[in-house]
Amino acid sequence: MFALRTLIFTVCMLLPITSAAALTLAEKAPDFSLAALDDKQKYSLADYGGQVVYVDFWASWCGPCRQSLPSLDRLYRQLSHRGFMVLAINVDAYSQDAKDFLKAYPVSYPVLRNESGSLPATFGVKGMPTAFLIDKQGKVRRVHEGFRLGDEDIIRKEVLTLLQEES
């Protein structure tokens, strides 16, 4: 038994320590290219350069996502014609869970799948939902963790401010 503990301890000490560092404000958001959940069309963050983009990581098992997705959809419908885009990235293990969720909470913006599951670590996501508000220059201007009543108004105000900035 002692030898097994020693072996496990030794292996753990030799493993590289990895931790995802969260993106910081004003840092350039990493580009990605992911397929849509429904039609497999590819979407890339770089395709939306010059626009204000809200990258939203969510999952079907996330309680606050039942509020955030419909709120973001309202915001997207109201402001997309002004250069506002929402890219929702689903992190469910099974795509069918996301599809079932979207039947109850449909959205009009693209919902993407990260099959490899690596993108949340790249962005430094710590919980669901977590979103990154990206300005026209591709820089992170706000990290929004969780979702509560009233957050829609806060996000709207931030998006409107960024939409008024020069490209």
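In this predicted model, strand β1 (residues 33-36) meets strand β5 (residues 111-113) in an antiparallel pairing that runs over 2 bridges. Within that pairing, Ala35 has Arg113 of β5 as its bridge partner. The two strands belong to an open sheet of 7 strands, arranged in the order β2-β1-β5-β4-β3-β6-β7 with mixed pairing. Its edges are formed by β2 (42-44) and β7 (140-145), each of which pairs on one side only. From one strand to its neighbour, the sheet turns by 30 degrees on average, with direction ignored.

A step back gives the wider setting. The protein contains 5 helices and 7 strands, and these follow one another along the sequence as α-β-β-β-α-β-α-β-α-β-β-α. Of the 167 residues in the protein, 44% are buried. Among contacts with a separation of 6 or more, 71% are between residues 24 or more positions apart. The accessible surface amounts to about 9,300 Å², and carbon and sulfur atoms contribute 57% of that area.

Strand β3 is a good place to look inside the sheet. How many residues of β3 are buried? The count is 7 of the 7, so this strand is largely enclosed by the rest of the structure. Val52, Tyr54, Asp56 and Trp58 point one way from β3, while Val53, Val55 and Phe57 point the other way, and all of these residues are buried. With β4, strand β3 pairs in the parallel sense over 7 bridges, and Asp56 is found opposite Ala88 of β4.

Further along the sheet, β6 and β7 are joined in the antiparallel sense by 5 bridges. Here Leu133 faces Arg142 of β7. The two strands form a hairpin with 5 residues between them, and Gly138 in the turn has a positive phi of about 85 degrees.

The helices add to this picture. Helix α2 (residues 65-79) lies across β3 (52-58) and β4 (84-90), and runs at about 155 degrees to β4. Helix α5 (residues 151-164) also packs on the sheet, where it touches β3, β4, β6 (130-134) and β7, and its direction makes about 170 degrees with that of β7. For α2, a simple length check works out nicely: 15 residues at 1.5 Å a residue should span 21 Å, and the end C-alpha atoms are 20 Å apart, which agrees. The buried residues of α2 include Cys65, Leu69, Leu72, Tyr76 and Leu79. Polar side chains are on that list too, among them Ser68, Ser71 and Asp73. Cover for the buried residues of this helix comes from elements including β3, β4, α3 (95-104) and α5.

Aromatic side chains deserve a paragraph of their own, as the structure holds 7 aromatic pairs. In one of them, the ring centres of Phe32 and Phe123 are 6.1 Å apart and the planes stand at 65 degrees, so the pair is edge-to-face. This pair links distant parts of the chain, with Phe32 in the loop between α1 (2-14) and β1, and Phe123 in helix α4 (residues 119-123), 91 residues apart. Both Phe32 and Phe123 are buried. Phe123 also pairs with Phe132, this time in a tilted arrangement with 5.0 Å from centre to centre and 55 degrees between the planes. The relative accessibility of Phe123 is 0%, which places this residue in the buried class, and Phe132 is buried as well, with a relative accessible area of 1%. Together, Phe32, Phe57, Phe123 and Phe132 make up one aromatic cluster. Phe57, as described above, is one of the buried residues of β3.

Is Lys126 buried or exposed? With a relative accessible area of 67%, Lys126 is exposed. This lysine sits in the loop between α4 and β6. Leaving aside residues up to four places away in sequence, Lys126 touches Ala22 and Glu145. Lys126 and Ala22 are 104 residues apart in sequence, yet their C-alpha atoms are 8.2 Å apart in space.

Definitions and conventions
Residues numbered from 1 in each chain as written. Predicted model: local features only at pLDDT ≥ 70, side-chain atom pairs only at ≥ 80, totals over all residues. Heavy atoms only, no water. Helix = DSSP H or I, 4+ residues; strand = E, 2+ residues; numbered from the N terminus. Buried < 20%, exposed > 50% of the residue type's maximum accessible area, 1.4 Å probe, protein only. Contact = heavy atoms within 4.5 Å. Areas by Shrake-Rupley, 256 points an atom, 1.4 Å probe, with all protein chains shown as cover. Pairing = 2+ DSSP bridges. Axes fitted to C-alpha atoms, helices over the stretch in contact; angles between N-to-C directions. Expected span 1.5 Å × (residues − 1). Phe/Tyr/Trp six-rings, centres within 6.5 Å; stacked < 30°, edge-to-face > 60°.
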